[in-house]
Amino acid sequence: MVSSMDANLLRVSQILESLFVSKETLNDVKGRMRKEMVKGLGKSTNADAKVKMFPTYVRSLPSGQERGSYFALDLGGSNFRVLLVELEDGKVNMKSKVYAIAKELMTGTGVQLFDYIADCLREFKAEHCLSDQNLPLGFTFSFKCQQKGLASATLVSWAKGFSAQGVVGEDVSLLLKEACDRKKVLVDSIAVLNDTTGTLMSCAYNDQNAFIGLILGTGTNACYMEKLQNVELWDGDLNDPKEVIINMEWGAFGDNGCLNDVRTEFDVHVDDVSLNKGRELYEKMISGMYLGEIVRLILAKAIENKFAFNGKGSDKLSATWSFETKFISEVESDESEAGDTTRKILEDNLHLKPSARDIKIVKDVCAAVSIRAAKLVSAGLAAVIEQTERKNLTVAIDGSLYKFHPKFHSLMLSNLEQLVPESNVKFMLSEDGSGKGAALVAATCH
Ligand code: GLC
């Protein structure tokens, strides 16, 4: 006979079954992503496509010979940063400072947000005795933008907790320029780029095989080098190099319902409480902004059904977003027999009183949510790898989820072995793509 304790473990594992993605489904998801990519690239299909496949106007990867000094701004993850980047024949020197972005700024007005950015840049320049220097600037703005050129990017929609008014539909390079004028901060040309592009550029500076950029952080997205002949909406010249980096904006994969069979009640719930309901559904199953909340919802259900914690939750656990994704990384890193780190997180951060069995349950939930996220991101990545038609390639990667989760890397490698068995894929952690990559794009633009 199973004890009631084991019966509870079993019941939680039954809840977790809804997160299981079979090999067949995963292969199918790869095919669906490929289909959405083709739709995004096609002239007659792009308007209806959810995965927008925006050309970035970055036409070539760096040669390693780029030189000069640049400012870079990085907005779109958990922090806002200002950087000074010096490139000299393959070597990079960077100075940077992190500035907090208060929630009120994320959700206030665009003018407040851009004025703050300009203020930070002014302070940074003063601290480095560069107030009167008019250097080119690379602006890593990691939101869904349609580029019209390297120096012009219109915000299509916010994500990741941002909603500042008056920015959607506007050219963010212009908004930044206007804020710098208001605040009397000298700036030269402004090149706008996505974090995926920065990540790819920064790795390609040292690795000739890097053709894909991937972000697994607060949000998720990918970019890759595409042949111009496949980009039907390309409106630039057709000279060499006949290729361009495509910012896929793949977070929106599934927004047309094509992932409904893999979405669970927990995904529906996360979407319901998000600021961008109905949008970026793939991102909401994968990235750091949301994974913790999925874990929290599963635990809340287990408690409600008295399968865990003796049916006793806590005010903390009842609060939306209280289970941070960094806790998943910590739980997944916890190798102690008794689950000491996991216990501490549950007691200190979530005010729960776990038994040994509860600790096992929390570990199982974190593992299941992580495994599914890694599978889904691998399926998307496999589609991009197939699209590049390259057998040997390096994926430039960055983001807090990838960096701090102990198992994501190996989970992705084993999924890719199954999804693209012919390909030889390597991951390369980008060394500060948002800084170095931004400078490299600014260098191209200047
Ligand atoms: C969101 C943004 C995208 C960015 C990604 C990772 O999906 O829309 O532009 O690249 O987050 O930061």
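The exercises below, each with a worked solution, concern a predicted model of one protein chain.

**Exercise 1. The chain as a whole**

Work out how many helices and strands the protein chain has, and whether its radius of gyration is close to or far from what the globule rule gives.

Solution. Begin with the secondary structure, which comes to 16 helices and 13 strands. Next take the radius of gyration, which is 22 Å, close to the 22 Å that the globule rule gives for 446 residues, so the chain is as compact as a globular protein of that length. Along its principal axes, the C-alpha trace spans about 75 × 45 × 40 Å. Turning to burial, 58% of the 446 residues count as buried. As a last step, consider contacts between residues at least 6 apart in sequence, of which 73% join residues at least 24 apart.

**Exercise 2. Surface and charge**

Find what share of the accessible surface belongs to carbon and sulfur atoms, and how many Å lie between the mean positions of the positive and negative charges.

Solution. The accessible surface of the protein chain comes to about 18,600 Å², and carbon and sulfur atoms hold 49% of it. For the charges, the protein chain has 52 positive and 60 negative ones, and their mean positions are 2 Å apart.

**Exercise 3. The nonpolar cores**

Identify the residues with the most contacts inside the largest nonpolar core, and the helix that gives the most to this core.

Solution. As background, nonpolar side chains tend to be buried together in soluble globular proteins. In this model the largest nonpolar core has 112 residues, and M248 and W250 are those with the most contacts inside it. The helix that gives the most to this core is α13, spanning residues 356-388, with 17 residues. To see the surroundings of M248, leave out residues up to four places away in sequence; what M248 then touches includes M33, M37, V51, M53, Y224 and V384. Apart from the largest core lies another one of 39 residues, among them Y99, M106, F141 and V172.

**Exercise 4. Three residues and their surroundings**

Decide for F307, Q146 and S287 whether each is buried, partly exposed or exposed, and list contacts that each makes beyond its neighbours within four places in sequence.

Solution. Start with F307, which is found in the loop between α9 (288-304) and α10 (315-318). The relative accessibility of F307 is 17%, and the cut-off for buried is under 20%, so F307 counts as buried. Its contacts beyond the neighbours within four places are N8, R11, V12, I15, A302 and I361. The C-alpha atoms of F307 and L19 are separated by 18 Å, the two residues being 288 apart along the chain.

Continue with Q146, which lies in strand β6 (residues 144-149). Its relative accessible area of 40% makes Q146 partly exposed. Once neighbours within four places are set aside, Q146 is in contact with F54, S152, A153, T154 and V156. Between the C-alpha atoms of Q146 and G169, 23 residues apart along the chain, the separation is 9.4 Å.

Finish with S287, whose place is in the loop between α8 (283-286) and α9. At 0% relative accessibility, S287 counts as buried. Its contacts, with neighbours within four places left aside, are G217, T218, G219, T220 and L401.

**Exercise 5. Backbone angles to look up**

Find the two residues joined by a cis peptide bond, and give the phi values of K160 and N310.

Solution. Most residues other than glycine have a negative phi, and most peptide bonds are trans. Here a cis peptide bond joins D240 and P241, with omega about -10°, and P241 sits in the loop between β10 (220-227) and β11 (243-247). For K160, phi is near 55°, a positive value in a residue other than glycine. K160 belongs to the loop between β7 (152-157) and α5 (172-182), and with 10% relative accessibility K160 counts as buried. For N310, phi is near 55° and thus positive in a residue that is not glycine. N310 is placed in the loop between α9 and α10, and at 70% relative accessibility N310 counts as exposed.

**Exercise 6. What covers a helix**

Name the buried residues of helix α11 (residues 325-333), and say which helices are included in what covers them.

Solution. The buried residues of α11 are T325, F327, I328, S329, V331 and E332. Their cover includes α9, α12 (340-349), α13 and α14 (400-404).

Notes
Residues numbered from 1 in each chain as written. Predicted model: local features only at pLDDT ≥ 70, side-chain atom pairs only at ≥ 80, totals over all residues. Heavy atoms only, no water. Helix = DSSP H or I, 4+ residues; strand = E, 2+ residues; numbered from the N terminus. Rg over C-alpha atoms; globule rule 2.2 N^0.38 Å. Buried < 20%, exposed > 50% of the residue type's maximum accessible area, 1.4 Å probe, protein only. Contact = heavy atoms within 4.5 Å. Areas by Shrake-Rupley, 256 points an atom, 1.4 Å probe, with all protein chains shown as cover. Lys, Arg positive; Asp, Glu negative; His and termini not counted. Charge placed at Lys NZ, Arg CZ, Asp CG, Glu CD. Core = buried A, V, L, I, M, F, W, Y, C linked by side-chain atoms within 4.5 Å.
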